[in-house]
Amino acid sequence: MAGGLVPSRLEAGRSLAGLFYLILGNRDGLRLFDLSADGFWRSFGAFFWAWPVQCFLWTGIWRAAPETRPESAQEIFRFFLVSTGFDVAAWVLPALLLLAVCQLFGISAKAPRLVIVNNWFGLLSAYIGFFPAALRYLTPVSDTANAFISLGVYAFVIWLYYRVVRMSVEGDLMISIFITLMMVMAGLTVSEIAFSALTR
């Protein structure tokens with residue numbers, strides 16, 4: 001699987017299949033990830049596969065706060081530049097937190113594996129998040145109904161993440177819960193800061 005920074009479609013497909021195996025409780029899914037040093041760094045390149053969807057998701061701000069919608073090409077460029085910067089932070093920060101947590105709990109050997117799985121899960125969660133966002137734009141669903149759908153999808157993603165983490169740390173319940181809650185808080189923090197920056 002050696003190659004450039006951006007993973008191939010084959011590697012992306014294998015990694016997503018690995019996630020599904022882990023979600024189903026089958027640790028053999030870890031064998032489908034490239035757990036080498038090259039695979040570790042290339043897993044960050046999964047961001048490039050998620051970036052188009054991430055850009056679409058950020059435009060949801062224009063619906064929530066129409067007055068912030070950019071009008072000129074320069075404003076549009078700034079909007080996507082800033083949102084992409086926060087997306088990159090949202091991929092790098094979890095990796096740093098995972099490395100620190102694994103050191104804290106004495107499972108440093110599992111840190112690279114967790115980072116790789118976490119990065120690929122970021123791709124999966126981006127496309128799951130596309131569902132409620134597309135409903136918001138393409139169907140006459142009320143804002144209240146869409147809010148409940150979005151909340152349900154978000155809870156579903158958290159549950160999937162917990163399943164993946166637990167398989168990756170070989171079933172340790174407390175560490176899995178801690179990592180899941182930590183990632184939820186980190187994601188919410190980055191999102192809140194990003195929203196503030198993009199709605200100025």
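# Close-up views of an all-helix chain

**View 1. S15 is buried in this predicted model.** The relative accessible area of S15 is 1%. Buried means under 20%, so S15 falls on the buried side of that cut-off. S15 sits in helix 1, which covers residues 9-23. What does S15 touch, once its neighbours within four places in sequence are left aside? Its contacts are L32, F33 and W120.

**View 2. The whole chain is built from helices.** The protein chain has eight helices and zero strands. Along the sequence, the pattern reads α-α-α-α-α-α-α-α. The radius of gyration is 17 Å, and the globule rule gives 16 Å for 200 residues. These two values are close, so the chain is as compact as a globular protein of that length. Its C-alpha atoms fill a box of roughly 50 × 35 × 30 Å, taken along the principal axes.

**View 3. Inside and outside: how are the residues of the protein chain covered?** Of its 200 residues, 44% count as buried. The accessible surface of the chain comes to about 10800 Å². Carbon and sulfur atoms account for 69% of that surface. The chain also carries 14 positive and 12 negative charges. The mean positions of these two sets are 6 Å apart. Now look at contacts between residues at least 6 apart in sequence. Of these, 72% join residues at least 24 apart.

**View 4. F56 and F130 form an aromatic pair.** The structure holds ten aromatic pairs, and this view shows one of them. The ring centres of F56 and F130 are 5.2 Å apart. Their planes meet at 45 degrees, and the pair is tilted. Why does this pair tie together parts that are 74 residues apart in sequence? F56 lies in helix 3 (residues 46-58), whereas F130 lies in helix 6 (residues 111-138), so the pair ties those parts together. How covered are the two residues? F56 has 26% relative accessibility and counts as partly exposed. F130 is partly exposed too, with a relative accessible area of 35%.

**View 5. Three aromatic residues share a cluster.** Look for F40, W41 and F44. Together they form one aromatic cluster.

**View 6. G171 sits in a loop.** Helix 7 (143-168) comes before this loop, and helix 8 (173-198) comes after. Is G171 buried or partly exposed? G171 is partly exposed, and its relative accessible area is 31%. Now find R27, which is 144 residues away from G171 along the chain. In space, the C-alpha atoms of G171 and R27 are separated by 9.8 Å.

**View 7. I158 belongs to helix 7.** At 25% relative accessibility, I158 is partly exposed. Buried needs a value under 20%, so I158 does not count as buried. Which residues does I158 touch, not counting those up to four places away in sequence? I158 touches T180 and V184. S125 is another residue to find here. I158 and S125 are 33 residues apart along the chain. Their C-alpha atoms are separated by 9.2 Å.

**View 8. I177 belongs to helix 8.** I177 counts as partly exposed, at 33% relative accessibility. Find R163 as well, 14 residues from I177 in sequence. From C-alpha to C-alpha, I177 and R163 are 9.7 Å apart in space.

**View 9. A194 is a buried residue of helix 8.** The relative accessible area of A194 is 0%. The cut-off for buried is under 20%, so A194 counts as buried. Which residues are in contact with A194, leaving aside neighbours within four places in sequence? They are W58 and F86. W120, a contact of S15 in View 1, gives a further distance to read. A194 and W120 are 74 residues apart in sequence. In space they are 22 Å apart, C-alpha to C-alpha.

Key. Residues are numbered from 1 along each chain as its sequence is written. This is a predicted model: local features need pLDDT of at least 70, side-chain atom pairs count only at pLDDT 80 or more; totals for chains, interfaces and linings use all residues. Side-chain values use heavy atoms; hydrogens and water are left out. Helices (H or I, at least four residues) and strands (E, at least two) are DSSP runs, numbered from the N terminus. The radius of gyration is taken over C-alpha atoms; the globule rule is 2.2 Å times the number of residues to the power 0.38. Buried means under 20% relative accessible area, exposed over 50%, partly exposed in between (1.4 Å probe, protein chains only). Contact means heavy atoms within 4.5 Å. Accessible areas come from the Shrake-Rupley method with a 1.4 Å probe; for residues, only the protein chains shown count as cover. Lys and Arg count as positive and Asp and Glu as negative; His and the chain ends are not counted. The place of a charge is taken as NZ of Lys, CZ of Arg, CG of Asp or CD of Glu. Rings of Phe, Tyr and Trp (its six-membered ring) pair if their centres lie within 6.5 Å; planes under 30 degrees apart count as stacked, over 60 as edge-to-face and the rest as tilted.
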